[in-house]
Structures are given as C-alpha cells and as structure tokens.
Amino acid sequence: MKAVVIGGGTMGAGIAHLLLAHDHQVWLVEADAERAHAAFLGVKASLHRAEAKGKLKYDGQADELLANLTVAEPPEDAELVIEAVPENVPLKQKVLGDAAAKCPNAILASNTSSLSISEIAAGLPGERVLGMHFFNPVPVQQLVELVHHEGVDPANVAKARTWAEEMGKTVIEVRDSPGFATSRLGVAVGMEAIRMLEEGVASAADIDTGMKLGYRWPMGPLELTDLVGLDVRLAIAEHLAAQLGPRFDPPQLLRDKVARNELGKKTGQGFFSW
C-alpha cells in the first residue's frame, strides 16, 4: 500500500514507523524542509530503537525499511492519507483538502483524539473522510479507534479496519461524538486525578499507584498526562467542556502548570520530574 503521513511529530513518526514495519511505502509530508528532515530523523531513530530491542525481524532491517520512506509531496495513486498535525480544525481541513486534490482515490484519515470528524469533513469529499485515532507509542499500543460520521462510505471504513488489523491493531468503531470513546473516558479520569491532587487527597505517585495496582492500568492517569502533554490535555478538556458541560472543566492546577510551561515529559516537568 502507498500511504501518506502528514505531520512528522511524535504521532506522525510513530504512524510512519508502523506502516513501514508492515511493508508499506510511506510518503512523509511536513511544512518545510527543516521539519521534514527532523521528521525523517525521528522515524529513523524509532526504527533503530525497535531493531535494538529485537522488535524487527532481523538486524539491519531498520535501514531497509527506511528505503521505503520518502519525504516529499504525496503520490497521486496513494491509497491512504493520515494527518497527524496539531489539534486545530481549520489546519486539519487544509492539509486533508490539499491531499484530497493530490490523491483522488485515497481514504483521508484524521488522527485527532477528540475533534469532530463531521466538522473536519465539511467541504471535503466526506465519503472518504474518517477518524483513525492511534495511541502513543504507535508501534507498541494495540488499539486503533476508528471514527465514522454520517457521510462516510462504509466501504472505506471497512478498508481502514482491514489495514489497521493487518498492522496488528485491535479496532473499535465509534460514532462521531465529542471525545469519541477513549478520550472522553481518559480525560474524565485524568481531570479527576488532578482534582484529587489539587485537594490534597493523595500524592501524584500514590494516585497513580492506586490505578496501576488497583485497576491494572499500565500507567497512572497523571503519568499519562505527562506523557501526552499537559497543554494537549488542557486543550482537549476545554473542548469537551464546551461540548459536554462542566464535568470536563479543567482544574486550576492544570491551567497553572501549563502557564508555567510545566507540560510534562517534553519539558522535563509536569506532575512528575523527568
């Protein structure tokens, strides 16, 4: 399959890695040459880490897979386009609109974790637009949340499911609604964990340990917020609060940390020190 990934940050690089590891040809699109080079290096580093951990089939495969990665505009005969740009509806519409014109037969997938797929699809060939929400780190996490809106062609949803399953993912299908399934539940728990910390109910470490040992979460909600980024979590919570009501209102502690640029792992400080 010829696949296009638009946006080469953490999620885009992970999606490109996944596609390459399953023998697809990948075109990686970025806003400028400097970002494109950084994205290429991100994918290269991700593949070499996987190789070092024995996650690829044999030594030397990482460089072989990189030969199938092109940092350039997408080909006309691409079958799948996945955008992984920042959570901004006009930006996502712009990049998918450009891709729709360049790749007339491709499925147009958004990796958004909470924005309306129906809104993103407005003004685009909606029958080709759907949500494919991957989870970080993409090569490792098993789940893909497949989000459909009323205008999508069911045949395209079926194709997207098949591609995800062939890449070893488990797919859940969700109707387009604020926060879908995973972000809605994950943010609700995350906001309550932050409120508990704010109120002095328990330390960040003890809250997370309670969820890991008591509910078998692989990581606690506060560590997960650090990994995702406090700024990202704040934006999603504000979006859900606007759509679903005050139960998603972000705690003041979260707002204060974002204002101090304590954004989690990417800045070295969030609810934990990294």
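**Around Thr112 and strand β5**

Let's start with a side-chain pair: Thr112 and Glu87 are joined by a polar contact of 2.9 Å (a pair of N or O atoms within 3.5 Å; within protein, one must be able to donate a hydrogen and the other to accept it, and residues adjacent in sequence count only if both atoms are side-chain atoms). Keep in mind that this is a predicted model, where local features need pLDDT of at least 70 and side-chain atom pairs count only at pLDDT 80 or more, while totals for chains, interfaces and linings use all residues. Residues are numbered from 1 along each chain as its sequence is written, and side-chain values use heavy atoms, with hydrogens and water left out.

Thr112 sits in the loop between β5 and α5 (117–121). A polar atom of its side chain also lies 2.9 Å from the backbone nitrogen of Leu115. Thr112 is buried, with a relative accessible area of 1% (buried means under 20%, using a 1.4 Å probe and protein chains only).

Now step back to β5 itself, residues 107–110. Helices (H or I, at least four residues) and strands (E, at least two) are DSSP runs, numbered from the N terminus. In a regular strand the side chains alternate between the two faces of the sheet. Here Ile107 and Ala109 point one way and Leu108 and Ser110 the other, and all are buried.

β5 has parallel partners: β4 (residues 80–83), over 4 bridges, and β6 (residues 129–134), over 3 bridges. Pairing takes at least two DSSP bridges between the strands. Leu108 stands opposite Val81 in β4, and its bridge partner in β6 is Val129.

Technical notes
Buried means under 20% relative accessible area, exposed over 50%, partly exposed in between (1.4 Å probe, protein chains only).
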